[in-house]
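Work through the exercises below with the sequence and the 3D structure at hand. Each task is followed by a solution in steps.

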Amino acid sequence: MKKQVFALHNKALIWVLLALVSIVVSTANAKSYVPASENIVVAKWTVVDKSDSPKERVALLLSKANLPGLASRYYGQASALTETLLRDTPNDIELSFYQAKIAQHYHRFDTALSILTGILRRQENHPSALLLKANILLVQGRLVAAKQTCLQLLGKAELWIGGACALEVNAQSGNNDSVADSYAQLLSLVERSSLHQYTNVEQQRWVQQILAELAAKQGMYNQALTHLAAFELTQVPVSYLALWADIQLALNKPERVLRILGPIVEQADSFDDALLIRLALSENQISDQHTRWTPRLTQRINIRMQRKDTAHAADIARYFLDIAPDRKKALFWAKINWQQARLDDDKRLLERAMDVQYAPEKRTNQSAGM
């Protein structure tokens, strides 16, 4: 099997199915169910801590939404609350930024950019809006505009933030030298900055993940894992875990993925597609294990296809490339993904699907496409 790393960057590939909780309602003709013991678990879900105001609650929901199993519920709650609050205070910049962040998660990139343009028209020095705008432009493959936006951060945020933003864009040029240069420059920038004196864990984690991605692109897998080791895997977002798993698979260590990532996913409120597929890939590398994660992923992919869920096109394409080979479906979904996201990994995914599609037929029972 060809070893490849599929880094996620910061784009929103983390849609999951909303977990349904059955609620027993007492009626005139039926008694309410009362557990026989206080130790019986009727249902389990993660509860966000109480906050002082509705706006603070939105911020708290969004800060936790990218953790395993929480995306569907928390982004949904944040979206509903944000829209309600904006009806009363439509010019609130902070709420507008949350609205743009939610739109980005749901791959409504043009909507998010429109909201961010409005924010920056009113407050041109809004660093978070600039950083989010740069990230969306990067995902869309608009590298010149993304880099220009990163440079606007200079003087409006800490030097290393604008530098990390610009260097991440540079690394997307497709040139191996650009990746190596960006990695070396970012590493030097972080070492010379006061990054680790800041208490903003999200920013520190963001930079470590970029460094890990750039190292992995160069095949420096152990160095990439060193960057990721800065944070406990039980406390990091889905994209961080997915990158860690990709690197382990590139090192031919599927057992480690199953042993460490498996319990994290199992204990989450629901399953994330990005993590399910990496667990299934790990099973695929171990010939005698196909019974735990692969069936769950297959069920999820079938649901995605029935719903024509284009937000998960990359995961579906990869499923039909690496789990249940179907060349036509793989190319179909890889093309859909390319219409939405144009990072290096999306390009490689499309190229892989095209290579398989036009390769000589190896099996006569290849299933038909869509």
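**Exercise 1.** Decide whether D273 is buried or exposed, and do the same for its salt-bridge partner R300.

Solution. The model is a predicted one.
- Step 1: the cut-off for buried is under 20% relative accessible area.
- Step 2: D273 has a relative accessibility of 2%, so D273 counts as buried.
- Step 3: R300 has 9% relative accessibility and therefore also counts as buried.
- Step 4: the two side chains meet in a salt bridge, with 2.6 Å from N to O.
- Step 5: this pair links distant parts of the chain, since D273 belongs to helix α13 (residues 273-285) and R300 to helix α14 (residues 293-306), 27 residues apart.

**Exercise 2.** Find the salt-bridge partner of E94 and state which parts of the chain the pair ties together.

Solution.
- Step 1: the partner is K55, and the closest N and O atoms are 3.5 Å apart.
- Step 2: K55 sits in helix α1 (residues 54-64) and E94 in helix α3 (residues 93-105), so the salt bridge ties together parts that are 39 residues apart in sequence.
- Step 3: partly exposed covers the range between the buried limit of 20% and the exposed limit of 50%.
- Step 4: E94, at 37% relative accessibility, is therefore partly exposed.
- Step 5: K55, with a relative accessible area of 26%, is partly exposed as well.

**Exercise 3.** Describe the salt bridge between R318 and D322, then name the network to which these residues belong.

Solution.
- Step 1: the closest N and O atoms of R318 and D322 are 3.7 Å apart.
- Step 2: both residues lie in helix α15 (residues 313-322), with a spacing of four residues, or about one turn of the helix.
- Step 3: R318 is buried, and D322 is buried too.
- Step 4: through salt bridges that share partners, D246, R278, R318, D322 and R352 are joined into one network.
- Step 5: for the structure as a whole, the count of salt bridges is 14.

**Exercise 4.** How do the axes of helix α4 and helix α5 cross?

Solution.
- Step 1: helix α4 spans residues 109-122 and helix α5 spans residues 127-139; their axes come within 10 Å and cross at roughly 150°.
- Step 2: an angle over 145 degrees counts as roughly antiparallel, which makes α4 roughly antiparallel to α5.
- Step 3: the crossing of α4 past α5 is left-handed.

**Exercise 5.** Examine the phi angles of H107 and K308, and place both residues in the chain.

Solution.
- Step 1: most residues other than glycine have a negative phi.
- Step 2: H107 is not a glycine, yet its phi is positive, near 65°.
- Step 3: H107 lies in the loop between α3 and α4, and H107 is buried because its relative accessible area is 15%.
- Step 4: K308, also not a glycine, has a positive phi of about 50°.
- Step 5: K308 lies in the loop between α14 and α15, and K308 is exposed because its relative accessible area is 64%.

**Exercise 6.** Which residues form a nonpolar patch on the surface with L159?

Solution.
- Step 1: the patch consists of L151, L154 and L159, which together have about 290 Å² of accessible area.
- Step 2: L159 is part of helix α7 (residues 159-170).
- Step 3: exposed requires over 50% relative accessible area, and L159 therefore counts as exposed at 56% relative accessibility.

How values were computed: Residues are numbered from 1 along each chain as its sequence is written. This is a predicted model: local features need pLDDT of at least 70, side-chain atom pairs count only at pLDDT 80 or more; totals for chains, interfaces and linings use all residues. Side-chain values use heavy atoms; hydrogens and water are left out. Patches are made of residues with over 30% relative accessible area and no salt bridge: like charges are joined within 9 Å, nonpolar side chains (Val, Leu, Ile, Met, Phe, Trp, Tyr) within 5 Å. Accessible areas come from the Shrake-Rupley method with a 1.4 Å probe; for residues, only the protein chains shown count as cover. A salt bridge is a side-chain nitrogen of Lys or Arg within 4 Å of a carboxyl oxygen of Asp or Glu. Helices (H or I, at least four residues) and strands (E, at least two) are DSSP runs, numbered from the N terminus. Buried means under 20% relative accessible area, exposed over 50%, partly exposed in between (1.4 Å probe, protein chains only). Axes are lines fitted to C-alpha atoms, for helices over the stretch in contact, and angles run from 0 to 180 degrees between N-to-C directions. Angles under 35 degrees count as roughly parallel, over 145 as roughly antiparallel, 65 to 115 as roughly perpendicular and the rest as oblique. A crossing is left-handed if the near helix is turned anticlockwise from the far one by less than a right angle, and right-handed if clockwise.
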